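The following paragraphs lead the reader through one protein model, from its core outward to its loops. Please keep the sequence and the coordinates at hand while reading.

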Amino acid sequence: MMIACCNDGTRPVIFKIQRLDYKVVKIEGIECETCAGKIQEVLEKVPGVEKVEVKTEKNWAEVFIEKDAVVCDTLLKSAVEQCGDYIVTGIE
């Protein structure tokens, strides 16, 4: 947690910084926003996944994982490949 002052210096502002782990899942077969939506939906259901952003122009999904959660690459790959004609080519 971090405490800082607002720009006029009279009120404290309290905000929380949450640490998330991050993985990039490279995927072949993403052709449109419907594909991206399906992939995002299935990955967000994986236990421990906080948020997913699918980049159709780069053919990958950014997967943000909750602090202290363990999400294995095999589970992410399986989830993507079972939701359609998609092939996971790598996970970083």
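Which residues does Leu 76 touch, not counting residues up to four places away in sequence? The model to be inspected is a predicted one. In it, Leu 76 makes contact with Lys 23, Val 25, Leu 43, Val 46, Val 49, Val 63, Val 71 and Ile 91.

This list leads into the nonpolar interior. The largest nonpolar core holds 21 residues, and Leu 76 is among the four that touch the most other members, together with Ile 27, Ile 39 and Leu 43. Two or more residues of this core come from each of β3, α1, β4, β5 and α2. The largest contribution is that of α1, which supplies 4 residues. As a general background, nonpolar side chains in soluble globular proteins tend to be buried together.

The wider architecture may now be set around that core. The protein has 2 helices and 6 strands, and their order from the N terminus is β-β-β-α-β-β-α-β. Of its 92 residues, 30% count as buried. Among contacts between residues at least 6 apart in sequence, 55% join residues at least 24 apart.

Helix α1 deserves a closer look. It comprises 12 residues, 33-44, and spans 16 Å from its first C-alpha to its last, close to the 16 Å expected at 1.5 Å a residue. Its buried residues are Cys 35, Ala 36, Ile 39 and Leu 43. Viewed down the axis of α1, these buried residues fall within an arc of 100°, so they line one face of the helix. The spacing follows a general rule: an α-helix has 3.6 residues a turn, so residues three or four places apart point the same way. The buried residues of α1 pack against β3 (21-28), β4, β5 and α2 (73-82). On the other side of the helix, Glu 33 and Thr 34 are exposed.

Cysteine pairing is the next point. With a disulfide taken as two cysteine sulfur atoms within 2.5 Å, the count comes to 0. For Cys 35, the nearest cysteine sulfur belongs to Cys 32 and lies 3.7 Å away, so the pair does not meet the cut-off. Cys 35 counts as buried at 12% relative accessibility, whereas Cys 72 is partly exposed, with a relative accessible area of 41%.

Strands β4 (residues 49-55) and β5 (residues 60-65) run antiparallel and are joined by 6 bridges. In this pairing, Val 49 stands opposite Ile 65 of β5. The two strands form a hairpin with 4 residues between them. Asn 59 lies in the loop between β4 and β5, and its phi is near 60°, a positive value in a residue other than glycine. Asn 59 is partly exposed, with a relative accessible area of 34%.

A further positive phi occurs at Asp 68, where the value is near 70°. Asp 68 is placed in the loop between β5 and α2 and counts as exposed, at 66% relative accessibility.

The path ends in helix α2, where Leu 75 is located. Leu 75 counts as partly exposed, at 38% relative accessibility. Its C-alpha atom is separated by 9.6 Å from that of Pro 47, a residue 28 places away along the chain.

How values were computed: Residues numbered from 1 in each chain as written. Predicted model: local features only at pLDDT ≥ 70, side-chain atom pairs only at ≥ 80, totals over all residues. Heavy atoms only, no water. Pairing = 2+ DSSP bridges. Buried < 20%, exposed > 50% of the residue type's maximum accessible area, 1.4 Å probe, protein only. Expected span 1.5 Å × (residues − 1). Arc of directions from axis to C-beta. Contact = heavy atoms within 4.5 Å. Core = buried A, V, L, I, M, F, W, Y, C linked by side-chain atoms within 4.5 Å.
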